[in-house]
Amino acid sequence: MRFDIIEFDRSYGTSAQLKRFSEPEIVFSGRSNVGKSSLMNKLFNRKNLARVSSVPGKTVTVNFFKGDKVNFVDLPGYGYAAVAKAERDRWGKLMESFFAEPEQISLGVHIVDARHKPTADDVTMSGWFKNSGRPFVVVANKTDKLSKTAVGENFAIIRSALELPEETPLIPFSAEKGDGRPELLGRIMEQL
């Protein structure tokens, strides 16, 4: 599989617009300021594939990136407090529509912040992936900002808070340094 030919394909902002296609989907989800776009750019060795913003909450659509016989899907960031209730409601309906067709998902990639206990929104998103019945991994981003001891301690907290089964991988990742990239690419390849 080639990861150097991935290009932006399409965006959907409402559940009525959302269309799914026959290609397998690798789905990325995470809190608004978790570094999801930076992680995707590092994963695919691209600087500007997914737009990175200094302001949380900029990804408000479901964005599809076309790869070699696969779609990589960037879900809207969640949990940003400054978003209006109407925007949160739109996001909720969009996610309900997206997860209504779980057979499309080849692998879910749920990104959390390695430095903090998962939020209630993180727990909800993890629940959506678990309830889909599809394989998923949890990626703890920003490990470069922690000591090795703190990484181990925080991973136990993350696994407990998200109630992750032992078979669900928890991958340490640094979008800054690229740590964890080979393992995450390997998990993606396994599912394709």
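Below are legends for a handful of close-up views of this predicted model.

A few ground rules come with the prediction: local features need pLDDT of at least 70, side-chain atom pairs count only at pLDDT 80 or more, and totals for chains, interfaces and linings use all residues. Residues are numbered from 1 along each chain as its sequence is written, and side-chain values use heavy atoms, with hydrogens and water left out.

**View 1. The sheet has seven strands and is open, with mixed pairing.** Reading across, the strand order is 1-3-4-2-5-6-7. Strands here are DSSP runs of E with at least two residues, helices are runs of H or I with at least four, and both are numbered from the N terminus. Two strands pair if DSSP finds at least two bridges between them. Strand 1 (7–12) and strand 7 sit at the edges, each pairing on one side only. From one strand to the next, the twist averages 25°.

**View 2. Strand 4 has a pairing partner in both strand 2 and strand 3.** With strand 2 (residues 25–30), strand 4 (residues 71–74) runs parallel, joined by four bridges. Look for Val27 opposite Val73, and for Glu25, whose bridge partner is Asn71. With strand 3, the pairing is antiparallel, again over four bridges, and Asn71 turns up here too, as the bridge partner of Lys66. The hairpin of strand 3 and strand 4 has four residues between the strands, and Lys69 in it takes a positive phi near 65°.

Which residues of strand 4 are buried on its two faces? Asn71 and Val73 are buried on one side, Phe72 and Asp74 on the other. Buried means under 20% relative accessible area, exposed over 50%, and partly exposed in between (1.4 Å probe, protein chains only). In a regular strand the side chains alternate between the two faces of the sheet.

**View 3. Helix 1 and helix 3 pack against strands of the sheet.** Helix 1 (residues 36–43) lies across strand 2, strand 3 (62–66), strand 4, strand 5 (105–113) and strand 6 (136–141), running at about 140° to strand 2. Helix 3 (residues 120–132) touches strand 2, strand 5 and strand 6, and its direction makes about 165° with that of strand 5. Axes are lines fitted to C-alpha atoms, for helices over the stretch in contact, with angles from 0 to 180 degrees between N-to-C directions. Contact means heavy atoms within 4.5 Å.

**View 4. Five aromatic residues link up through ring pairs.** The cluster is made of Phe98, Phe99, Trp128, Phe129 and Phe136. Rings of Phe, Tyr and Trp (its six-membered ring) pair if their centres lie within 6.5 Å; planes under 30 degrees apart are stacked, over 60 edge-to-face, and the rest tilted. Phe98 and Phe99 meet edge-to-face, 5.6 Å centre to centre with 80° between the planes. Phe129 and Phe136 are stacked, at 5.6 Å and 10°, and both are buried. Phe98 is buried at 0%, and Phe99 counts as buried at 12%.

**View 5. Ser174 sits in the loop between strand 7 (170–172) and helix 5 (181–191).** Why does Ser174 count as buried? Because its relative accessibility is 0%. Its side chain reaches the backbone nitrogen of Lys177 at 2.9 Å. Leaving aside residues up to four places away in sequence, Ser174 touches Lys42, Asn141, Thr143, Asp144 and Asp179.

Note on methods. Polar contact = N/O pair within 3.5 Å; in protein donor to acceptor, adjacent residues only side chain to side chain.
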